[in-house]
Amino acid sequence: MAARVLRAHGAAWAGGLLQRAAPCTLLPGLRRLTSSNSRPREDSWLKSLFVRKVDPRKDAHSNLLAKKETSSLYKLQFHNVKPECLEAYNKICQEVLPKIHEDKHYPCTLVGTWNTWYGEQDQAVHLWRYEGGYPALTEVMNKLRGNQEFVEFRKARSNMLLSRKNQLLLEFSFWNEPVPRSGPNIYELRSYQLRPGTMIEWGNYWARAIRFRQDGNEAVGGFFSQIGQLYMVHHLWAYKDLQTREDIRNAAWHKHGWEELVYYTVPLIQEMESRIMIPQKTSPLQ
């Protein structure tokens with residue numbers, strides 16, 4: 001008796017399962033119907049989830065952020081020197097670079113030349129301005145190829161270097177223009193690697209932030225890269241000494257609005273680096 005009851009329950013359960021499963025025989029047809037009628041709509045909906053909608057810009061960020069009144073291009077050079085050659089390297093730079101700077105034949109200006117004090121050691125940093133942009137840069141390069149003294153200088157310099165790199169930069173419209181200043185000063189070069197696509201956002205925030213850092217005339221220049229490592233920003237500051245730097249930077253936090261601008265700019269940064277630099281004797285920025 002018990003066995004018959006169990007068999008009956010089992011048959012009823014199996015029958016119910018089969019009834020519930022029966023509609024599944026329609027699924028292949030439904031799949032074909034859904035595939036044929038809804039695929040374009042489904043693809044469109046899926047794409048809308050992953051495609052970010054942005055407002056089209058009418059101009060490149062370089063034109064929106066750079067100074068309109070000048071067409072200057074800047075070149076920033078980093079030379080890593082063999083430790084035993086640093087003194088000789090500085091000597092030949094002090095002999096040759098000012099001659100190019102002072103010669104009206106070349107449409108370029110040596111803005112500043114330094115040795116890194118804190119940061120990457122045995123390093124020289126040079127900043128050049130080319131009045132007239134890329135054509136001026138090309139003109140200077142072509143003329144220097146025929147300058148025998150410069151050719152010999154480059155040959156001697158190459159034996160003293162471990163590595164070198166450079167970047168071509170434009171100047172932020174809202175920053176001070178770097179002009180010669182008397183010393184003694186130390187200089188801080190703060191370099192920021194931004195997340196791609198955030199340069200306009202950075203510029204908008206720093207156009208307001210720079211007013212918090214003008215009290216001590218410490219803001220020398222602000223630049224963003226065009227060729228070389230891209231989405232790079234460089235801020236150049238001058239201080240009397242490291243303690244003055246500390247005091248000025250701490251004072252900024254007591255100004256209403258500074259902390260908010262820092263809060264919004266920090267997420268835009270991928271990497272950042274600070275160099276404390278000492279100007280060479282012939283640097284226009286002392």
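**Figure 1. The lining of the largest cavity divides into nine nonpolar residues, one polar and no charged.** Ala, Val, Leu, Ile, Met, Phe, Trp, Tyr, Cys and Pro count as nonpolar; Asp, Glu, Lys and Arg count as charged; the others, Gly among them, count as polar. The model is predicted: local features need pLDDT of at least 70, side-chain atom pairs count only at pLDDT 80 or more, and totals for chains, interfaces and linings use all residues. Residues are numbered from 1 along each chain as its sequence is written, and side-chain values use heavy atoms, with hydrogens and water left out. One cavity of 30 Å³ or more turns up in a search of the whole structure. The space in the largest cavity is about 50 Å³. Its lining consists of Leu 76, Trp 114, Val 125, Leu 127, Leu 169, Leu 189, Phe 223, His 234, Leu 236 and Met 277. Two or more of these residues come from each of β3 and β7 (232-239). Strands (E, at least two residues) and helices (H or I, at least four) are DSSP runs, numbered from the N terminus. A cavity is a set of points, on a 1 Å grid over the protein atoms alone, where a 1.4 Å probe fits but cannot get out; a pocket is an open set with protein on both sides within 12 Å along at least five of seven lines; lining residues have an atom within 4 Å of a point. Grid points are joined across faces, edges and corners, and a volume is the space filled by probe spheres set on the points.

**Figure 2. The largest pocket holds about 460 Å³ of space.** Its lining has 23 residues. Lys 75, Met 141, Leu 144, Phe 150 and Arg 154 lie nearest the centre. Six elements appear in this view: β1, α4 (86-102), β3 (123-130), α5 (134-145), α6 (148-158) and β4 (161-171) each supply at least two lining residues. By class, the lining has 14 nonpolar, four polar and five charged residues.

**Figure 3. The second largest pocket holds about 290 Å³.** Of its 17 lining residues, Arg 190, Tyr 192, Trp 206, Trp 258 and Val 262 are the closest to the centre. At least two lining residues come from each of β5 (186-194), α7 (199-209), α8 (242-252), α9 (258-265) and β8 (269-279). Helix α9 gives the most, with four residues. The lining divides into 13 nonpolar, one polar and three charged residues.

**Figure 4. Asn 80 sits in strand β1 (residues 73-81).** The relative accessible area of Asn 80 is 15%, so this residue counts as buried. Buried means under 20% relative accessible area, exposed over 50%, and partly exposed in between (1.4 Å probe, protein chains only). Two side-chain partners are shown. The side chain of Asn 80 makes a polar contact of 3.4 Å with that of Glu 120 and one of 3.0 Å with that of Gln 123. A polar contact is a pair of N or O atoms within 3.5 Å; within protein, one must be able to donate a hydrogen and the other to accept it, and residues adjacent in sequence count only if both atoms are side-chain atoms. Beyond neighbours within four places in sequence, Asn 80 is in contact (heavy atoms within 4.5 Å) with Glu 120, Asp 122, Gln 123, Leu 161, Leu 162 and Ser 163.

**Figure 5. Asp 122, Tyr 231 and the peptide bond between Gly 183 and Pro 184 show backbone geometry.** Most residues other than glycine have a negative phi, and most peptide bonds are trans. Asp 122 is not a glycine, yet has a positive phi of about 55 degrees. Asp 122 lies in the loop between β2 (108-118) and β3 and is partly exposed, at 25% relative accessibility. Phi of Tyr 231 is also positive, near 55 degrees. Tyr 231 lies in the loop between β6 (219-227) and β7 and is partly exposed, at 23%. The bond joining Gly 183 and Pro 184 is cis, with omega about 5 degrees. Pro 184 belongs to the loop between β4 and β5.

**Figure 6. Leu 285 lies in the segment after β8.** Leu 285 is buried, at 0% relative accessibility. Its C-alpha atom is 8.4 Å from that of Pro 178, 107 residues apart along the chain. Outside its neighbours within four places in sequence, Leu 285 is in contact with residues including Val 111, Trp 114, Val 179, Tyr 187, Val 220 and Leu 236.
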